[in-house]
Amino acid sequence: MSCYIKVYGRVRPSTSRNQQNALTVVDKLRVKVEADGRCEKLYELHRIFAEDIAQEDVFTTAAKKMVEECTEGINGTIFAYGQTGSGKTHTMLGPADSWSDPVAKGLIPRSVEHLFAQLELKAQECQKFSFKINVEFVELYNDDIFDLLRSDSNKITLRDTGNDITLVGAKSESVDNSLDLMHVVKRGWKSRRTAATAMNRDSSRSHALLIIKVCTEEVTGSLKTNRSSILNLVDLAGSERQSHTKASGERLKEETNINSSLTVLGRCIRLLSKPSTSHSFIPYRDSHLTHILKNSLGGISKTAVIVNMHPDRSFVAESSSTLQFAEACTMIKNRVLRNEVMSGDQENSYKKAIHELRQEIDETRAKAREEFARRLEESEKNYQQLLAESTALKSEHTELRFKYNVGLYMMASGSEKEIVRKTIALELDATNKRCQLLQEQRDELRERLQQSLNSTIPMQTPCGKQRRQSSRPQRRETVYKHSPSRLAELAGQDDQLHETELRVATLENEIQVVRAKLEKVTEEKFKAEEVHADVISGEEASGRIEEHSRSTAHDNQGERAEYQLVEEGSTREMEKHYSFQIKNSAEQISDLKSRLDAYDQEIEEARLLRLRLEESQNKEKELGKMIENFRKQHEDDHREYREEIRRVKANMEKELAERQKSLDLLQNELEKTVRASNKQKSEASLQFEAKMENLKKIILIQFLSHMVIALSGYPRLFAGLHHFIEDDGVL
Ligand SMILES: Nc1ncnc2c1ncn2[C@@H]1O[C@H](COP(=O)(O)OP(=O)(O)OP(=O)(O)O)[C@@H](O)[C@H]1O
């Protein structure tokens, strides 16, 4: 497994109130460096700790996980880097004499405590778990390594065996608990070289390395697992500028050495951070510091770097160079190895592995079942939700229908809305029919009226004629429907119309009678004229005829005058009578016309009602469609859910099958191993038996040869023995 070095930045609080800060923590990942407000640069690290960050947070972010992994056989290194006085010791150990302060204590005391807490936890969880902690504490002063746990000033040398760098001559102390370890740290710290400088009253003049070696043993059944790891906690000395520290003499020499070792560290980091030079030579051996940290920089360890910075503007150059160092560190990748050795009975370990795999399969199955149940529940919930939504829509639809029915109810006053709803179709049909009937009746009435009018034309006054001619054009034929109440009203009007119709019919009869009378009178008149003409045209006695004619003419004149008078009188009377009748008829016609208008109005209203009804029906249809769509969508969703569940189930079954397959493979392997070991055993026992047989023979031969030698002095006994051997076939 490979992973990048984790790099964290920490900005300490400013020391001077007058100075403006050159560093601004932008957010949790970025810090901005500003020089005289001119150029500014943003640096992004894995985390930036602002001035007010708590020590606990620094530990949790930068070290906690690494400490935990140390108990699993993974090496870890944490080191603090930065200019002098930037807070490296504050970060690693905490303020002086506050290492046991729960708030102020630094990363080393917290790591030590957490390490032991973790080991204790493992001991509780595992039946057979033991651990061994050894600690070494050294300092690199003027590029020499000194043991901080020994009072003599013996120098320590480095042994590099490739993967391991060991400190030859360093005292390794075994500790059982965190208190003991911290006691060792305190003891060693007292020996560390510090001095007051212009920058720091208690400036570290050396790089301090606390090396905690963790070894654990875990026994499960007949399987023994040994793990080992090293946790390096490093407090580097700070880079210094002579202009700031104003060092001289011994301090200047220290300063030069510190700076040169840090320069080598920087160079190694720069080379490691370039991907092109990943396989080229890295000058670890140029300084003890880089040599010791070889495994932590591009090696087989998990590494975290905490770069400490001073926020003041006067240290802006140092802060920039520290951040550049940090940025280079973020590009270095380490290869992390787990130092773990498993031993014990192989067969048992296989069995255990099989058992564990079975357990894992069971767990996976249980998880799959849980997941399946959860998804099923989820889909059920969704289904319920959709159902609820569908019900809501239905109720909305019902509500709309209700409103529509209320509307109908209001229109069909007097009827019950439920009845109206149920009988609406029948009513509509009936209304249609009645409307049709009414229209037919109306048409018939119109026709008869027209006939009546036609028959009275010769007797009409010009004014009546004009009125008739100016009557409205015939309306278009439309089939309308009425509401029941309107139909009741119309029925009343229908009766009236019928009555009028009867009256018109009576009138027509009367007209017929009058006409007949008129015809009779006219006929009589014509007859009289004919008779008169016959008398006048006789040839006999023309005088007489003349006389008779004169007298007859006189008589006829009187008769004719009389007749004319009668005729004139009756015609006037008749005219008077007919004009009265015509007047009456005209009045009735106008009345009928106004009624017809009213009918038309009613029919118009019925048409509007019908339109509204159609609208409502359309709405109902739309709602029906919406519900249908919704139901379809719901079914689709449900199908999708089922599909997904089936997919998940299939995947899980596939996974289970794969696991089962690997289990079978393991079982086969185990059987093979058992068979091989049995074969070996039987071969070994056969060999052993053969060897034993040979040994027995050799012993017997030796015994017999001794006997031969011993009995050579007794020939008879020897001969007997010889016989015995030959007879028994011993040799
Ligand atoms: N984050 C902080 N909060 C409060 N005080 C701090 C912080 N960082 C540093 N200090 C204080 O600043 C002073 C110098 O800090 P420290 O000794 O840790 O610096 P250093 O980087 O180790 O310096 P040197 O390299 O010279 O040893 C100390 O008094 C310390 O308590």
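**Close-up views of a predicted model**

**Figure 1. An open sheet of 3 strands, in the order S3-S4-S5, is built with antiparallel pairing.** The edge strands are S3 (23–25) and S5 (39–44), each of which pairs on one side only. From one strand to the next, the twist averages 20 degrees. The structure shown here and in the other views is a predicted model. Strand S4 (residues 30–35) runs antiparallel to S5, and 6 bridges join the two. One position to look for is Ala 35, which stands opposite Cys 39 in S5. Helix H9 (residues 316–329) lies across S3, S4 and S5. The helix runs at about 145 degrees to S4. As a general point, the strands of a sheet pair through backbone hydrogen bonds, in either a parallel or an antiparallel way.

**Figure 2. Strand S2 (residues 6–11) is mostly covered.** Of its 6 residues, 6 are buried. In a regular strand, side chains alternate between the two faces of the sheet. Here both faces of S2 are covered. On one side are Lys 6, Tyr 8 and Arg 10, and on the other are Val 7, Gly 9 and Val 11, all of them buried. S2 pairs in the parallel sense with strand S17 (residues 302–309), over 6 bridges. Within that pairing, Arg 10 has Asn 308 in S17 as its bridge partner. S2 also pairs in the parallel sense with strand S6 (residues 47–49), over 3 bridges. In S6, Arg 47 is the bridge partner of Tyr 8.

**Figure 3. Strand S8 (residues 128–141) pairs in the antiparallel sense with strand S15 (residues 207–220) over 13 bridges.** Glu 139 stands opposite Ala 208 in S15. S8 also pairs with strand S12 (residues 173–175), in the antiparallel sense and over 3 bridges. There, Glu 173 in S12 is the bridge partner of Val 135. Strand S9 (residues 144–147) is another antiparallel partner of S8, with 4 bridges between them. In this pairing, Tyr 141 stands opposite Asp 144 in S9. S8 and S9 form a hairpin with 2 residues between the strands. In the hairpin, Asn 142 takes a positive phi near 50 degrees.

**Figure 4. Helix H1 (residues 55–62) has buried residues at Gln 55, Val 58, Phe 59 and Ala 62.** Seen down the axis of H1, these buried residues fall within an arc of 95 degrees, so they line one face of the helix. Gln 55 is found in this helix. Is Gln 55 buried or exposed? Gln 55 has 22 other C-beta atoms within 10 Å, and a residue with 20 or more counts as buried, so Gln 55 is buried. Leaving aside residues up to four places away in sequence, Gln 55 touches Gly 94, Val 103, Ala 104, Lys 105 and Gly 106. Gln 55 and Leu 107 are 52 residues apart in sequence, while their C-alpha atoms are 7.3 Å apart in space.

**Figure 5. Asp 97 lies in the loop between H3 and helix H4 (107–125).** Is Asp 97 buried or exposed? Asp 97 has 9 C-beta neighbours inside 10 Å, and a residue with 12 or fewer counts as exposed, so Asp 97 is exposed. Asp 97 and Lys 186 are 89 residues apart in sequence. In space, the two are 9.7 Å apart, taken from C-alpha to C-alpha.

**Figure 6. The ligand is surrounded by 18 residues, of which Gly 87, His 90, Ser 203, Ser 204 and Gly 238 come nearest.** Helix H3 (88–92) and strand S14 (203–204) each supply at least two residues of the shell around the ligand. Which element gives the largest share of the shell? H3 does, with 3 residues. By type, the residues of the shell divide into 3 nonpolar, 12 polar and 3 charged.

**Figure 7. The protein chain, as background to the close-ups, has 15 helices and 19 strands.** Buried residues make up 24% of its 731 residues. Among contacts between residues at least 6 apart in sequence, 72% join residues at least 24 apart.

Note on methods. Residues numbered from 1 in each chain as written. Predicted model: local features only at pLDDT ≥ 70, side-chain atom pairs only at ≥ 80, totals over all residues. Near = placed C-beta within 6 Å. Nonpolar A, V, L, I, M, F, W, Y, C, P; charged D, E, K, R; others polar. Arc of directions from axis to C-beta. Contact = placed C-beta atoms within 7 Å. Pairing = 2+ DSSP bridges. Axes fitted to C-alpha atoms, helices over the stretch in contact; angles between N-to-C directions.
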